Structure formats: C-alpha cells, structure tokens
Amino acid sequence: MHEYTSTIRVWGLTCPGFPEEVSRARRWTRDILRDSPLVEDAELIVSELSANAILHTASGHQSGSFSLAVEVSPQMVALSVTDDGGTRTAPKVEHQDEEAEHGRGLGMVSAIAHRVVVHDSDKGHTVTAELFTDATDAGRGVQPCG
C-alpha cells in the first residue's frame with residue numbers, strides 16, 4: 001500500500017440551524033452510505049442528533065448552525081454532530097415516561113449505536129455515534145468525554 005493511502009474517508013457538512021436542514025443532513029448521509037448495510041441506522045442517528053442540536057442548543061437560534069461529519073472505515077461508520085453550545089450541560093440520556101413527546105432522542109441513538117461519545121467544549125458539544133460493521137467489537141452506551 002502506498003504510504004499516503006488511507007482506508008478511512010471523512011465527509012463534512014455545516015447546516016444552518018433551521019428544522020428543514022435535518023432532512024438535508026439525513027439525505028446527505030444516505031447519499032454517502034448508500035451501499036452500506038448501516039445506512040438506515042445512520043440516517044436515524046443523524047436525524048436525531050441534528051434535531052437535538054437545533055432544539056436544545058444555540059444552533060437553533062438566529063444565525064446558528066450545526067456541523068455533521070461522517071467517517072467511514074472498513075470497521076466502522078462514525079457520525080458526529082457538533083452544535084453551537086449555549087447550554088450549561090452536555091447532552092445526556094434522559095429517561096422519559098411513555099407519554100413524553102421529547103427527551104428520547106439520545107436514548108434512541110444509544111440503543112442503535114454500538115458506542116456514543118459526548119465531547120464537551122467551550123464552543124459547543126459534539127456527539128459521536130459509532131456503528132461497527134462487526135457488532136461484536138464494542139459495548140453499547142453513552143460515554144462522556146471532557
């Protein structure tokens with residue numbers, strides 16, 4: 001293999017913080033992963049993480065935005081959404097009752113993904129959901145990172 005050849009590919013997209021951009025992020029992800037058996041799970045994860053960024057952070061404010069990264073390797077698909085911050089706490093799984101209309105997104109993401117990592121910074125939060133091509137590679141759950 002040539003020393004500059006990589007088997008990892010990364011795509012990035014920044015979207016304005018409008019609700020209609022969630023479907024754009026989902027379509028963009030579907031286009032990238034169209035031949036992957038993980039495409040449906042990836043679309044759902046991107047949809048939830050993008051919607052959370054718009055609903056719960058400064059990404060949904062006037063002139064706000066969110067960024068999406070898709071990393072594909074032979075072993076994994078990693079989906080990262082970075083918001084504009086504006087909240088005092090990092091995203092976390094909340095246990096809602098059956099009647100709740102909101103608050104289940106990150107819980108659903110952590111149930112679908114093999115691993116979810118939350119990175120907190122002064123400028124915002126990045127939630128990365130990893131889908132392993134071999135499901136025996138990881139345990140499930142949300143892991144905060146400082």
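In this predicted model, R24 and E21 sit 3 residues apart in helix α1, a spacing of about one helical turn. The two residues form a salt bridge, and their closest N and O atoms are 2.8 Å apart. The partners differ in how they meet the surroundings: R24 is partly exposed at 31% relative accessibility, whereas E21 has a relative accessible area of 12% and is buried, since that value falls under the 20% limit.

This pair is one of 3 salt bridges in the structure. Another joins the side chains of R30 and E43, with an N to O distance of 3.1 Å. Here the link runs between distant parts of the chain, as R30 belongs to helix α1 and E43 to helix α2, 13 residues apart. R30 is partly exposed, with a relative accessible area of 33%, while E43 is buried at 13%.

A further salt bridge connects R115 with E130, and the closest N and O atoms lie 2.7 Å from each other. Because R115 is in strand β4 and E130 in strand β5, this pair ties together parts separated by 15 residues in sequence. R115 counts as partly exposed, at 29% relative accessibility; E130, at 9%, counts as buried.

Attention can now turn to the nonpolar interior. The largest nonpolar core contains 30 residues, and I45, L79 and L131 are those with the most contacts inside it. Helices and strands both contribute: β1 (9–16), α1 (21–32), α2 (39–56), β2 (65–72), β3 (76–82), α3, β4 (115–121) and β5 (124–132) each supply at least two residues. The greatest share comes from α2, which gives 7 residues to this core.

L79 offers a helpful view of the packing. Setting aside neighbours within four places in sequence, L79 is in contact with T29, A42, I45, V46, L49, A69, V70, V127, T128, A129 and L131. That list includes I45 and L131, which are themselves named with L79 for having the most contacts inside the core.

Helix α3 completes the picture. Within its span, residues 105–112, the buried positions are G105, L106, V109, S110 and I112. These residues lie on the same side of α3, because they cover an arc of only 165 degrees around the axis. Helix α3 is also among the elements that each supply at least two residues of the largest nonpolar core.

Conventions. Residues numbered from 1 in each chain as written. Predicted model: local features only at pLDDT ≥ 70, side-chain atom pairs only at ≥ 80, totals over all residues. Heavy atoms only, no water. Buried < 20%, exposed > 50% of the residue type's maximum accessible area, 1.4 Å probe, protein only. Helix = DSSP H or I, 4+ residues; strand = E, 2+ residues; numbered from the N terminus. Arc of directions from axis to C-beta. Core = buried A, V, L, I, M, F, W, Y, C linked by side-chain atoms within 4.5 Å. Contact = heavy atoms within 4.5 Å. Salt bridge = Lys/Arg side-chain N within 4 Å of Asp/Glu carboxyl O.
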